[in-house]
There are 4 protein chains.
Amino acid sequence: MNNHSVTKSIALEKAPVNEPTKRTAILDAALNLFVERTYDGTAMPLVAERAGVGAGTIYRYFENKEALVNALYRRCQADLAYRIIDSVPLGLPSRHTFHHIWQGLCDFAREEPEASAFLEMHHHDLYLEPESLEYRNRIRKMAYDVITEGQAKGEMRAGPPFLLAFLVTGAYIGLLKAARERGEVLTDDMITLAEDSVWKMLEA
Amino acid sequence: MNNHSVTKSIALEKAPVNEPTKRTAILDAALNLFVERTYDGTAMPLVAERAGVGAGTIYRYFENKEALVNALYRRCQADLAYRIIDSVPLGLPSRHTFHHIWQGLCDFAREEPEASAFLEMHHHDLYLEPESLEYRNRIRKMAYDVITEGQAKGEMRAGPPFLLAFLVTGAYIGLLKAARERGEVLTDDMITLAEDSVWKMLEA
Amino acid sequence: MNNHSVTKSIALEKAPVNEPTKRTAILDAALNLFVERTYDGTAMPLVAERAGVGAGTIYRYFENKEALVNALYRRCQADLAYRIIDSVPLGLPSRHTFHHIWQGLCDFAREEPEASAFLEMHHHDLYLEPESLEYRNRIRKMAYDVITEGQAKGEMRAGPPFLLAFLVTGAYIGLLKAARERGEVLTDDMITLAEDSVWKMLEA
Amino acid sequence: MNNHSVTKSIALEKAPVNEPTKRTAILDAALNLFVERTYDGTAMPLVAERAGVGAGTIYRYFENKEALVNALYRRCQADLAYRIIDSVPLGLPSRHTFHHIWQGLCDFAREEPEASAFLEMHHHDLYLEPESLEYRNRIRKMAYDVITEGQAKGEMRAGPPFLLAFLVTGAYIGLLKAARERGEVLTDDMITLAEDSVWKMLEA
DNA sequence: CATGAATGAGTTTTCATTCAT
DNA sequence: TATGAATGAAAACTCATTCAT
């Protein structure tokens, strides 16, 4: 390895894995604050302060507040999609597939609690661009497919897949809220109990 | 019954049942807009305009924006409590009790869709006064009691009652979201399917 | 004294001496509040409330806020003029005349502390109509005349009469402030000491 | 002295002595307007306009209107204190000390007429913070001490020092008012006549 | 590129005044 | 005549965004 390649490899490692650029700092700060205080309730200078950058700097990376929240939404959805969609194994019994997805969701909630809370927030529709909504639809599509397949195999109860998907998603959010409101962390016990319980909603 | 008494009884019915005062108009407009655009995203003059009153008039009825949203929250919670808590029959098998509550919730969502959507919104905690939170706790307490009793009778699954309550509530909100996002009305079929499905989460 | 004259004298006593009409109540309330909180700092509905009348009632008696403060100013100046100007004895030695005026001023301050404080306030010029200013000038004219005569008799020091008048008036206001800021009432001792001291400013 | 050092010394003189920052411009505009129209009677946008800044800019320098008026009050009191307190010579005959103070007061009134008028205004108590009042007390304390010492030396008349101080201060304000109302400038003659006259109030 | 002081449009709130009762 | 609820213009204050440095 010569000097040249070393320099290169360092650059490659640095950037994608743990890119502590200003852009990331801004997104992190925005996530933090939007979850804590709502999109409309958060002032841009506050985002700048928490990100440790000047107020004007935000506008070098994002055209305006709406562009910022869209970028943030997409980053969060992409995080989630990366964990769930791409790792769902094919061809397993539905119960196994469900377990996989449920674990993925709960891992996400535990490892990225703010991203998770942000995605649950209402009223994204007020500012989301079509492209951002597309991110959401990819995940919904996956859920829809899994349920449809489960029903085809006779392993899941009959009914409109989108409805079952919303019931499950709702219960998942309920689980997170339960932990949050009690000020408790999401324990393995809670996750397992909830998984078992929620599966009953889906089971044929 | 003579003319006199008829007139009187009309007057009596009219006033308390459907008193269209400005206060009510303001609360209705606020409900409308807060659901549509968020609390922080709604400007007071817009509330005034939709209520058909002058901007200053709001402040004759509510000390400030926060007092308005608190009053609104309490009105909505009281509406819900009136429908659910006070009509839950005692001593029935848990499945019946659950049916009763589920019907009450869905009737509320259908008859007062905005109140229902408002109560589901996040971030109430940012402005709610302790007294307003008390309204929420009354309903939670009821759910907790029903589940505890169901478990004691061996008719509901074991587990922390608050967790089960949040799972059920989450699924209920999922049902409403499902209908809302599809632009569909909540049909009896959807309600029944969801009820059946959600009960499985609770069943022993 | 017959019935007729009794009725008359009662009427005469009642009306002018202690006429508790709404107009008077409004003026009293305004005096109260203007002294306490400034003209600009006082809201009309507050005046109404303290006067025990409806907000609209004020406008039956006074065209607007400015007319109210002008009427109040004139009433206070007239009170003062009544006590001072009309009772100054003529032809006495200047020291006696001064004593008379000083007593009159201090009696006014003690019996009508709010009227007294109101007249001392600055910034009357912003709203006073010419007619109201005329009231002020009558008193100044009197002071001017007394000093001019005192100087002519060789009993008062030489110098522009208006200047001496302002020095004396200033010292008088200083006396009132002294009492007010110490939270004390204006005692005879303070008044006498001040009179003696202030006379030295005038003495030839 | 070479070019280099000259440039430097100019820069040094310019910056600290007469730093025309926005903060100063805002304070100056506020002083101007508060004297002209009262604190309550002055709208913030008007202050901004006269200061030549945007309305929002004021709030970068002062938390709110009350903080602005407090800062202004302290600046004026500090100006006055700098001139009076720190330059009062010790150990002189009372008549000399009084002359010194009187000159200081009149110089202040001539060189800073608005600051002088502002400090004389009533109703500062409605918005002044304790810290601001402290500034006022320092000057009062000085007056009190001078009088007490003068009495001890048998050069000033007996009587409560605070009362004599208020009489003198009142007469001083009377002098300023006299000039102001006549639309005249404060002449040396007026100052000297007044000094002579006022001293008589103090003299033993 | 980065900054943060500056801004004015927009927000919440107040208040002199009106007017239906 | 008296009222006080209602109003909208104007006040205090905030904040997304710009731009000189």
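**Notebook: helices, chains and DNA strands**

I began with a pair of helices in chain C, and I found that the axes of helix 5 (residues 65-84) of chain C and helix 6 (residues 94-111) of chain C come within 9 Å and cross at roughly 145 degrees. I keep in mind that this is a predicted model. I then looked up the hand of the crossing, and helix 5 of chain C passes helix 6 of chain C in a right-handed way. On the side of helix 5 of chain C, I listed Leu80(C), Arg83(C) and Ile84(C) as the contact residues, while helix 6 of chain C brings Ile101(C), Gly104(C), Leu105(C), Asp107(C) and Phe108(C). Sorting the residues of this contact by class, I noted five nonpolar, one polar and two charged.

**Domains of chain A**

Next I turned to chain A, where the domain assignment gives domain 1 (1-62) and domain 2 (65-204). I looked up the distance between the C-alpha centres of domain 1 of chain A and domain 2 of chain A, and it is 26 Å. The two domains do touch, since I found ten residues of domain 1 of chain A in contact with twelve residues of domain 2 of chain A. Which helix gives the most to the side of domain 1 of chain A that touches domain 2 of chain A? I found that it is helix 2 (residues 22-37) of chain A, with six residues. By class, I recorded nine nonpolar residues, one polar and no charged on that side of domain 1 of chain A.

**Chain against chain**

I then asked how many residues of chain A are in contact with chain B. I found 31 residues of chain A in contact with 31 residues of chain B. On the side of chain A that touches chain B, the elements that give two or more residues are helix 9 (161-181) and helix 10 (188-202) of chain A, and helix 9 of chain A gives the most, with 13 residues. I sorted this side of chain A as well, and it has 16 nonpolar, nine polar and six charged residues.

Two other pairs of chains gave me no contact. Chain B and chain C do not touch, and their nearest C-alpha atoms are 13 Å apart. For chain A and chain D, too, I found no contact, with the closest C-alpha atoms 13 Å apart.

I also looked up how chain D superposes on chain C, and it takes a rotation of 180 degrees with 0.0 Å of shift along its axis, at an RMSD of 0.1 Å. I wrote this down as the relation of a two-fold axis. The same surface serves both copies, as 100% of the contact residues of chain D recur in chain C.

**Around the DNA**

Last, I looked at the DNA strands, beginning with DNA strand E, which is surrounded by 30 residues, the closest being Gly54(A), Gly56(A), Gly56(C), Gly54(D) and Gly56(D). Among the elements that give two or more residues to this surface, I noted helix 4 (55-61) of chain A and helix 3 (44-51) of chain B. The surface near DNA strand E divides into 14 nonpolar, ten polar and six charged residues.

Around DNA strand F I found 29 residues, and the closest are Gly54(B), Gly56(B), Gly54(C), Gly56(C) and Gly56(D). Helix 3 (44-51) of chain A is one of the elements that supply at least two residues of the surface near DNA strand F. By class, I recorded 13 nonpolar, ten polar and six charged residues for the surface near DNA strand F.

Technical notes. Residues numbered from 1 in each chain as written. Chains lettered and ligands numbered in written order. Predicted model: local features only at pLDDT ≥ 70, side-chain atom pairs only at ≥ 80, totals over all residues. Near = placed C-beta within 6 Å. Helix = DSSP H or I, 4+ residues; strand = E, 2+ residues; numbered from the N terminus. Nonpolar A, V, L, I, M, F, W, Y, C, P; charged D, E, K, R; others polar. Contact = placed C-beta atoms within 7 Å. Least-squares fit on C-alpha atoms with pLDDT ≥ 70 in both. Domains from an automatic or database assignment. Axes fitted to C-alpha atoms, helices over the stretch in contact; angles between N-to-C directions. Left-handed = near helix turned anticlockwise from the far one by under 90°.
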